[in-house]
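Trainee: I've got this model open and keep tripping over the labels. Can we go through what earns each one?

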Amino acid sequence: MPRIPVCLALIALGTTLGAQDAGPKQAVDASAQFNKLQTEFRKASADWRRQQWEAARKNPRLPIRMVPTEIIHEFIPKFADAARQHAGTDAAIPFLTWLLTADRAPNNPHSKAALATLLSDHVTSAKLADAAASIPALGRTLGTRVVDDAIAKILAKNPHGLVKARIYYTRASVVLRAQKVSKEAKAAALADMRKCIDLAPESDFASRAKGVLYEQEKLQIGMPVPDIEGEDLDGVAFRLSDYKGKVIMLDFWGDW
Amino acid sequence: MYPHERSLVKKYANEPFALIGVNSDKDRDRIRGIVEDKDITWRSFWNGPKGTGGPISTRWNVHGWPTVVLIDHTGKIRFRAHQLDEKLLEKLIDAAKIRH
């Protein structure tokens, strides 16, 4: 094989990577690039954790840290570079979503910048779903006003049911997880769960939202237990109500 | 896990008590083998091939394992948590015996 065509091919590849048009080739490259970066980050974090445990074993008085802050900060510029490289196209969104949630420190500039770009460049994208699922839970990181404004903007401008469904689901979950919830806040959260079901009825989030509503409406302490119909491990059909009159300990278990 | 549940089943063998599992293993054949090996004598619903994402646990909004629910002899839910409150279980069984 002559050498020149190989060189030409390399030059051609170089121009493709630098090109602005977001063809399918670039989308494939970007997703491979994201997966590679994420794998590197996970490996570095796992190594960091191993070192923590080693150090703690040798010196039990050392405080154990759970968040690999140095590793996160080492990777932030890499994800930020990639986001800039794909700026303005959907391919940037996974990198921005990573940057949005990587550093949880209050008011950190990386989360703020990522949110600003997601809202200015990508607010109508269908690919915003993962970011949408995170934003309502970032009150401590971004401040509740910034979060509320972001939610309002996405709900107003994004036309995709799944994106909005995930906003509603996370917003409601954050409220229901709190120690104390006012009656009004709880009612609003349950309304959010219903919107999630309406907007994306076939999604996993809708099934979970149905579970939340079922628990709130049918499974509270003091309520009569709803029946369960199913099969046992041998495939024999039975019902929970077959054991009526006894005290029942219902045990959700698995061998893992 | 299993020894504790086995001891409950034994302790309350002659009382108005039933331990009913909801098993969330994906592979029903594998779990049947474990049931035999570990002498699991109580009955379980199977949550289906989706495992922890199966229909019973999803409907009941269970996202942590184990989860224990206690139902009194009148059919009312009295307790839900990741760990059993044994004193409450004993109280509920005592109450059920008085009625019997």
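Mentor: Sure. Two residues are in contact if their C-beta atoms, placed from the backbone, lie within 7 Å. Keep in mind that this is a predicted model.

Trainee: By that rule, how many residues of chain A are in contact with chain B?

Mentor: 31 residues of chain A are in contact with 45 residues of chain B. On the chain A side, helix H11 (204-218), strand S1 (229-231) and strand S3 (247-253) each supply at least two residues. S3(A) gives the most, with seven residues.

Trainee: What classes do the residues on that side of chain A fall into?

Mentor: They divide into 17 nonpolar, six polar and eight charged.

Trainee: What makes S3(A) and strand S3 (residues 67-71) of chain B a pair?

Mentor: Pairing takes at least two bridges between the strands. Five bridges join S3(A) to S3(B), so the two strands pair, and they run antiparallel. For one of the partners, look at Met249(A): its bridge partner in S3(B) is Leu70(B).

Trainee: Now the helices. How do you describe the way H10(A) packs on H11(A)?

Mentor: Two packed helices are described by the angle between their axes and the distance between the axes. For helix H10 (residues 183-199) of chain A and H11(A), the axes come within 8 Å and cross at roughly 145 degrees. The crossing is left-handed.

Trainee: Which residues meet there?

Mentor: From H10(A) come Leu190(A), Met193(A), Cys196(A) and Ile197(A). They meet residues of H11(A) including Phe205(A), Ala209(A), Lys210(A) and Leu213(A). By class, that contact has nine nonpolar, one polar and one charged residues.

Trainee: How does the span of H10(A) compare with the expected one?

Mentor: H10(A) has 17 residues and reaches 24 Å from first C-alpha to last, close to the 24 Å expected at 1.5 Å a residue.

Trainee: Which residues of H10(A) are buried, and what do they pack against?

Mentor: Ala189(A), Asp192(A), Met193(A), Cys196(A), Ile197(A) and Leu199(A) are buried. The buried residues of H10(A) pack against helix H9 (161-177) and H11 of chain A.

Trainee: Leu162(A) is in helix H9 of chain A. Why is Leu162(A) called buried?

Mentor: The label needs 20 or more other C-beta atoms within 10 Å. Leu162(A) has 20, so it counts as buried.

Trainee: And what does Leu162(A) touch?

Mentor: Not counting residues up to four places away in sequence, Leu162(A) touches Ala129(A), Ala200(A) and Ser203(A). As for Glu215(A), its C-alpha is 23 Å from that of Leu162(A), with the two residues 53 apart in sequence.

Notes
Residues are numbered from 1 along each chain as its sequence is written. Chains are lettered from A and ligands numbered from 1 in the order in which they are written. This is a predicted model: local features need pLDDT of at least 70, side-chain atom pairs count only at pLDDT 80 or more; totals for chains, interfaces and linings use all residues. Helices (H or I, at least four residues) and strands (E, at least two) are DSSP runs, numbered from the N terminus. Ala, Val, Leu, Ile, Met, Phe, Trp, Tyr, Cys and Pro count as nonpolar, Asp, Glu, Lys and Arg as charged, and the others, Gly among them, as polar. Axes are lines fitted to C-alpha atoms, for helices over the stretch in contact, and angles run from 0 to 180 degrees between N-to-C directions. A crossing is left-handed if the near helix is turned anticlockwise from the far one by less than a right angle, and right-handed if clockwise. The expected span of a helix is 1.5 Å times one less than its number of residues. A residue is buried if 20 or more other C-beta atoms lie within 10 Å of its own, exposed if 12 or fewer, and partly exposed in between; C-beta atoms are placed from the backbone.
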